[in-house]
Amino acid sequence: MRIRQFRDDHWDRLPTIRLQKAVLENFKSVEHGEIVFACGKKFVPYGTESDILGLYGQNGSGKTSFIEALAILKLLMMGAEVPGIYAECVAKGQEKSRLEFTFDLQYPDGRIRKAVYEFCVSAVENEQSGGFGQYGTEENGNAPHSKYRVKINNEKLCMAGDFDGRKLILQSVIDTCGSELPFGPASKQKYFVAGSKKYMDELNILRRLAEEKSTSFIFSLGTAHVFDECGIYSEFYQVVLELAYYSQLYFHVVDTKSTGYIRLNYGLPLYTQSGRYLLKTDMPNIMPEIVFNELKSQFANINIVLSQIVPGLNVNMHELSPAMMKDGSVGHVVEIVSSRNESDMSNAHNTGMAPDGRFEMPFRYESDGIRKIVSVLSLIIDAYNEQSCTIAIDELDAGVFEYLLGEVIQTFQESGKGQLIFTSHNLRPLEVINKDFICFTTTNPDNRYIRMKGIGNTNNLRSTYFREILVGEQDEELYKNTKKYKVVSAFRKAGIDNGETT
């Protein structure tokens, strides 16, 4: 994916970007859901503290839906195609889903801006199919089994804040909801494109292509190319570029597909600023020199933290032999291995002594929890150190020891700089992080996400959550209680229906 280029000294004045608010409508099981992040509830000055959102609730209540909405957002802002599997996210019986996201942009010189991006997702019949490329990256967003493709329309980008020395109230800057072409409002077109018929015609074609190709018109590379040719480098257009750049390098989403790769031991998803690599764990990997060097550096950074949270453990690429790539260059054949101190080794699958005196074994023999930690650790490291980095991880707790999970999140809260979004079933974080960082799902599809009311600073949020499940003192029900005697009866009835006797 081509990185957008900024002009002149723009690189030195890029903003810190935070996600402040999200609204989901008719998206999977969410008829309406709204989440305001801690940084959206109160002003967080430039470069001061981390922002966290932990999302909790019973199975099927909208946690994964929220992460999938963020995955769609990232793809659109990157100018990438939204895979056909996301067509299934449109709520049953509904024509389309609507998603809205609010961003806070703070600049080194003190300027503050707000950007609100909204769009609709609908499903249309798909006649094409795609496949998967090298390292498990998707060549075509539509997997072979996809019956539908995604259609993106009704895009709207609004902005507010400091522009050209003035304070602007929230207003539409690019709007494809109406009949104005190539976009409205007409009064804002002059900030993006010259009045040439050639450019207008090109943008009209790009708008139609965006709907056919399941991409964003606003953030597409084609649209950016036309705007660049026009040479109007307005502050409104600069915000579009800044959001696109943020989505490519600093906004990362780890969904259940990645977790599935780990649980099945199919591979190790590893995230870098260049994208996601799916490294095979059951066979050697063949990769070019540039990828080898990037991943080698990535593992070195991971091991600095990994050896502290899992004492004695390192993960590396063990080079088996050189390889000749298709373009004639020399590449590498590598196996992913873990290594431990001799005192930590009790696994019979070890492959012998590494050059540094540690014992190595294939990484596939590590537990689900270790594989999950290694997969997401590079992202957590980036978000810990980078103010503008936002990471969203579904089922962060999967296979991870609860005390360790609490330690990592508490450390992030106390001294991290970026934004961490996660879903979890493990309740340990409720005991160690600020209550403002926790949101709960409800049983009401028309009001899916809430924060608990009446929680004091001394309350144990974990104990309060359990009490709420039993007593139900909040405005919305957080858990649909099951009757134990009905569960027992159901088990017995299921056995009888299958021909068994009691």
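Here is a short exchange about the cavities, core and two arginines of a predicted model.

Residues are numbered from 1 along each chain as its sequence is written. Local features need pLDDT of at least 70, side-chain atom pairs count only at pLDDT 80 or more, totals for chains, interfaces and linings use all residues, and side-chain values use heavy atoms, with hydrogens and water left out.

Colleague: How many cavities of 30 Å³ or more does a search of the whole structure find?

Modeller: A cavity is a set of points on a 1 Å grid over the protein atoms alone, where a 1.4 Å probe fits but cannot get out. Volume is the space filled by probe spheres set on the points. With a minimum of 30 Å³, the search of the whole structure finds two.

Colleague: Which helix gives the most to the lining of the largest cavity?

Modeller: Lining residues have an atom within 4 Å of a cavity point. Helices are DSSP runs of H or I, at least four residues long, and strands are runs of E, at least two, numbered from the N terminus. α8 (368-385) and α9 (402-415) each supply at least two lining residues. With four residues, the top giver is α8.

Colleague: How many residues of that lining are nonpolar, polar and charged?

Modeller: Ala, Val, Leu, Ile, Met, Phe, Trp, Tyr, Cys and Pro count as nonpolar, Asp, Glu, Lys and Arg as charged, and the others as polar. The lining includes Ile309, Ile373, Leu396 and Val408. The split is 10 nonpolar, no polar and no charged.

Colleague: Which helix brings the largest share of the largest nonpolar core?

Modeller: A nonpolar core joins buried Ala, Val, Leu, Ile, Met, Phe, Trp, Tyr and Cys residues through side-chain atoms within 4.5 Å. The largest has 136 residues, and Phe66, Leu70 and Phe101 are among those with the most contacts inside it. The largest share, 11 residues, comes from α2 (residues 63-78).

Colleague: Is arginine 113 buried or exposed?

Modeller: Arginine 113 lies in strand β5 (residues 112-125). Buried means under 20% relative accessible area, exposed over 50%, and partly exposed in between, with a 1.4 Å probe and protein chains only. At 2%, arginine 113 is therefore buried.

Colleague: Which side chain makes a polar contact of 2.8 Å with the side chain of arginine 113?

Modeller: A polar contact pairs N or O atoms within 3.5 Å; within protein, one must be able to donate a hydrogen and the other to accept it, and residues adjacent in sequence count only if both atoms are side-chain atoms. Tyrosine 107 makes one with arginine 113 at 3.1 Å. The partner at 2.8 Å is glutamate 235.

Definitions and conventions. 1 Å grid on protein atoms, 1.4 Å probe; cavity = no way out; pocket = protein on both sides within 12 Å on 5 of 7 lines; lining within 4 Å.
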